[in-house]
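Visitor: I'd like to learn how to read charged pairs in a protein. Could you walk me through some?
Guide: Sure, let's look at it together.

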Amino acid sequence: MTTPSVLKPEELKPAAELCARTLEQLDRILLGRTDVHRLVLIGILSRGHILLEGLPGLGKTALIRTLGRIMQLDFKRVQFTPDLMPGDVLGTHILQDTETSKREMTFQPGPAFTNILLADEINRAPAKVQSALLEAMQEHKVTVGGTTYTLEEPFFVLATQNPIEQEGTYPLPEAQRDRFLFNVIVDYPTRDEEAQIIDRTTSTQSATPAPVVSGPEIIACQDTVRLVPLPAHVRNFVLDLVRSARPKDPASAAWVREQIDWGPGPRASQQLVLAAKARALLKGRYHVTLEDVETLALPVLRHRIVPTFSAEAEGVSVDDLIRRLLREVPRPDRKLL
């Protein structure tokens with residue numbers, strides 16, 4: 001059994017500085033919702049995909065486009081519609097003339113062949129199109145016509161969906177929802193933030209994002225995240241938190257069995273740990289803390305828990321259930337690694 005690599009102090013500083021420069025540019029260009037900026041960056045550092053949920057006009061597309069410019073990454077946007085086909089996303093074979101006057105079938109890559117794929121209003125496309133993204137999200141590969149193509153790294157999907165308008169939508173299947181690291185709720189800006197947005201976007205003021213990080217540097221930061229030490233007491237807390245949300249677990253509380261129909265699987269534990277490591281790196285810390293896990297529990301778990309009918313009838317939201325779990329799950333005593 002090989003001994004896992006340990007993060008060295010000299011490896012932490014460059015990655016933390018890159019994160020700080022990226023956040024500085026995001027906060028300068030996009031006013032308000034700095035918490036969303038940090039969650040998106042944590043998702044990228046964790047090699048995760050993100051589901052952004054919010055009403056139209058709240059800057060979700062602007063955030064992703066700006067991020068691509070700051071990171072000097074290729075960016076493509078797909079507007080999901082009910083008539084979209086899998087080939088419109090992955091690509092298709094077309095018949096082309098060659099120099100020898102013969103016609104051959106050649107592969108025309110689709111928008112999925114990029115670094116940042118914005119799947120706008122992903123729940124407007126039918127299940128066949130949504131499932132076409134599963135292999136790309138999980139394996140970072142695409143199979144078309146029996147041939148498998150490897151996507152260029154870094155690759156991540158940022159999908160948006162409107163939580164209010166449900167007519168003509170196709171809810172994401174649980175298997176696909178589980179592929180997203182975060183489910184981020186994008187809310188309205190504050191009054192002061194909205195006033196600044198008005199001043200900037202209705203005048204001659206302009207702000208251009210400066211490229212501060214490259215694709216290879218992002219990959220290096222992603223590798224560094226996995227070297228961040230995970231104390232045993234933090235790992236135990238992650239296990240207790242995730243397992244306590246499973247109604248069929250013998251140790252689950254009575255209210256969990258009454259209000260939760262389905263709980264999160266092992267992928268939730270894995271991604272909560274990875275995200276906590278990325279947040280520690282973002283904070284310039286050498287190890288993961290309980291605060292990292294508690295802060296990220298909502299976006300990691302909210303799309304992996306299905307409440308019961310009685311919980312919904314009582315007006316209990318998934319976020320309410322997660323907050324109660326955070327209050328009731330005991331904090332383990334700190335132990336040395």
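Guide: Keep in mind that this is a predicted model. Let's start with aspartate 178, which forms a salt bridge with arginine 267; their closest N and O atoms are 2.4 Å apart.

Visitor: Where do aspartate 178 and arginine 267 lie?
Guide: Aspartate 178 lies in the loop between helix H6 (174-177) and strand S9 (180-185), and arginine 267 is in helix H11 (residues 266-282), so the pair ties together parts that are 89 residues apart in sequence.

Visitor: Does the word "buried" have a cut-off I can use?
Guide: Yes: buried means under 20% relative accessible area, exposed means over 50%, and partly exposed is in between. Aspartate 178 has 18% relative accessibility, so it counts as buried. Arginine 267, at 21%, counts as partly exposed.

Visitor: How many salt bridges does the structure hold?
Guide: There are 14 salt bridges in it. Take another one: the side chains of arginine 77 and aspartate 120 meet at 2.7 Å, N to O. Arginine 77 sits in strand S2 (residues 75-79) and aspartate 120 in strand S5 (residues 116-120), so this pair ties together parts that are 43 residues apart in sequence.

Visitor: Is aspartate 120 buried or exposed?
Guide: Use the cut-off again. Aspartate 120 has 8% relative accessibility, so it counts as buried. Its partner arginine 77 comes out at 40%, so arginine 77 counts as partly exposed.

Visitor: Which side chain meets glutamate 121 in a salt bridge?
Guide: That would be arginine 124, with 3.1 Å from N to O. Here the arginine is the buried partner, because arginine 124 has 14% relative accessibility. Glutamate 121 is partly exposed, with a relative accessible area of 21%.

Visitor: What about salt bridges that join up into a group?
Guide: Then you read them as a network. In this model, Arg279, Arg285, Glu291 and Asp292 are linked in a network of salt bridges.

Visitor: And what does the side chain of aspartate 249 reach?
Guide: For this one, look at the backbone: the aspartate 249 side chain reaches the backbone nitrogen of alanine 251 at 2.9 Å. You'll find aspartate 249 in the loop between helix H9 (232-244) and helix H10 (254-259).

Visitor: Let me try the cut-off myself. Aspartate 249 has 12% relative accessibility, so it counts as buried.
Guide: Nicely done! You can read the other pairs in just that way.

Key: Residues numbered from 1 in each chain as written. Predicted model: local features only at pLDDT ≥ 70, side-chain atom pairs only at ≥ 80, totals over all residues. Heavy atoms only, no water. Helix = DSSP H or I, 4+ residues; strand = E, 2+ residues; numbered from the N terminus. Buried < 20%, exposed > 50% of the residue type's maximum accessible area, 1.4 Å probe, protein only. Polar contact = N/O pair within 3.5 Å; in protein donor to acceptor, adjacent residues only side chain to side chain. Salt bridge = Lys/Arg side-chain N within 4 Å of Asp/Glu carboxyl O.
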